[in-house]
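Reader: I'm new to protein structures, and a whole model is a lot to take in at once. Could you pick one part of this one and go through it slowly with me?

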Amino acid sequence: MSSWERYNIAGQQALSAGKPLDAETQFKLAIKEAESMGPNEPKIATSMSALANAYRQQGKFADAEPMYKKAVETMSRIKGPTCQELIPIYDNYAKMLRAAGRGPEADKMDAKARAIFAR
């Protein structure tokens, strides 16, 4: 198992256990590890999205939003703007926008996810 996988699994376990601060630490380490694999590594976007989820669970929407945007931009650049891996990122971004009281923007994210899913 790679270091990236270990950090990612530890982060997911921490989130599941209701320890988003611990998850935050693990996902930051996962991003560093993924970045060391090169600029075109999809794991970078996966880890950014996971970190954004940890922020969202803590209500840190101002931290979560730029991380979701970066995850979308990174995954789109690496795998294309209609890759399946974008669906969960858009879904979680929409959840964050709804939690922040920004329903119309959340609907746009849901529509993007549905458009990819329907392809």
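Author: Let's start with a word we'll need: a residue counts as buried when its relative accessible area is under 20%, as exposed when that value is over 50%, and as partly exposed in between. Keep in mind that this is a predicted model. The part I'd pick is a charged pair, Arg102 and Glu65, which form a salt bridge.

Here is Glu65: its relative accessible area is 13%, so Glu65 is buried. Its partner Arg102 comes out at 24%, which makes Arg102 partly exposed. Where the two meet, the closest N and O atoms are 2.8 Å apart. Glu65 sits in helix H4 while Arg102 belongs to the loop between H5 and H6, so this salt bridge ties together parts that lie 37 residues apart in sequence.

How many salt bridges does a search of the whole structure find? There are eight. Another one joins the side chains of Arg98 and Asp107, at 2.7 Å from N to O. Both of these residues are partly exposed: Arg98 has a relative accessible area of 40%, and Asp107 has 43%. Now back to our pair, which has company: through salt bridges with shared partners, Glu65, Lys69, Arg102 and Glu105 make up one network. Glu85 and Lys79 form a salt bridge too, with their closest N and O atoms 2.7 Å apart. At 32%, Glu85 is partly exposed, and so is Lys79 at 41%.

Now for the setting of our pair. The protein chain contains six helices and zero strands. Its radius of gyration is 14 Å, close to the 14 Å that the globule rule gives for 119 residues, so the chain is as compact as a globular protein of that length. Of those 119 residues, 43% are buried.

H4, the helix that holds Glu65, also has a share in the largest nonpolar core. That core has 35 residues, and Phe27, Tyr68, Leu86, Ile89 and Tyr90 have the most contacts inside it. Two or more of the core's residues come from each of H1, H2, H3, H4, H5 and H6. This goes with a general habit: in soluble globular proteins, nonpolar side chains tend to be buried together. Take Leu86: leaving out residues up to four places away in sequence, Leu86 touches Val72, Met75, Ser76, Gly80, Pro81 and Ile116.

Which helices do the buried residues of H2 pack against? They are H1, H3 and H4, so let's look at H2 as a neighbor of our helix. Its buried residues are Pro20, Ala23, Glu24, Phe27, Ala30, Ile31 and Ala34. Viewed down the axis of H2, they fall within an arc of 125 degrees, so they line one face of the helix. The spacing has a simple reason: an α-helix has 3.6 residues a turn, so residues three or four places apart point the same way. On the face of H2 turned away from that buried side are the exposed residues Leu21 and Lys32.

So, to come back to our pair: buried Glu65 meets partly exposed Arg102, and their salt bridge joins helix H4 to the loop between H5 and H6.

Conventions. Residues are numbered from 1 along each chain as its sequence is written. This is a predicted model: local features need pLDDT of at least 70, side-chain atom pairs count only at pLDDT 80 or more; totals for chains, interfaces and linings use all residues. Side-chain values use heavy atoms; hydrogens and water are left out. A nonpolar core is a set of buried Ala, Val, Leu, Ile, Met, Phe, Trp, Tyr and Cys residues joined through side-chain atoms within 4.5 Å. Buried means under 20% relative accessible area, exposed over 50%, partly exposed in between (1.4 Å probe, protein chains only). Helices (H or I, at least four residues) and strands (E, at least two) are DSSP runs, numbered from the N terminus. Contact means heavy atoms within 4.5 Å. The arc is that of the directions from the helix axis to the C-beta atoms. A salt bridge is a side-chain nitrogen of Lys or Arg within 4 Å of a carboxyl oxygen of Asp or Glu. The radius of gyration is taken over C-alpha atoms; the globule rule is 2.2 Å times the number of residues to the power 0.38.
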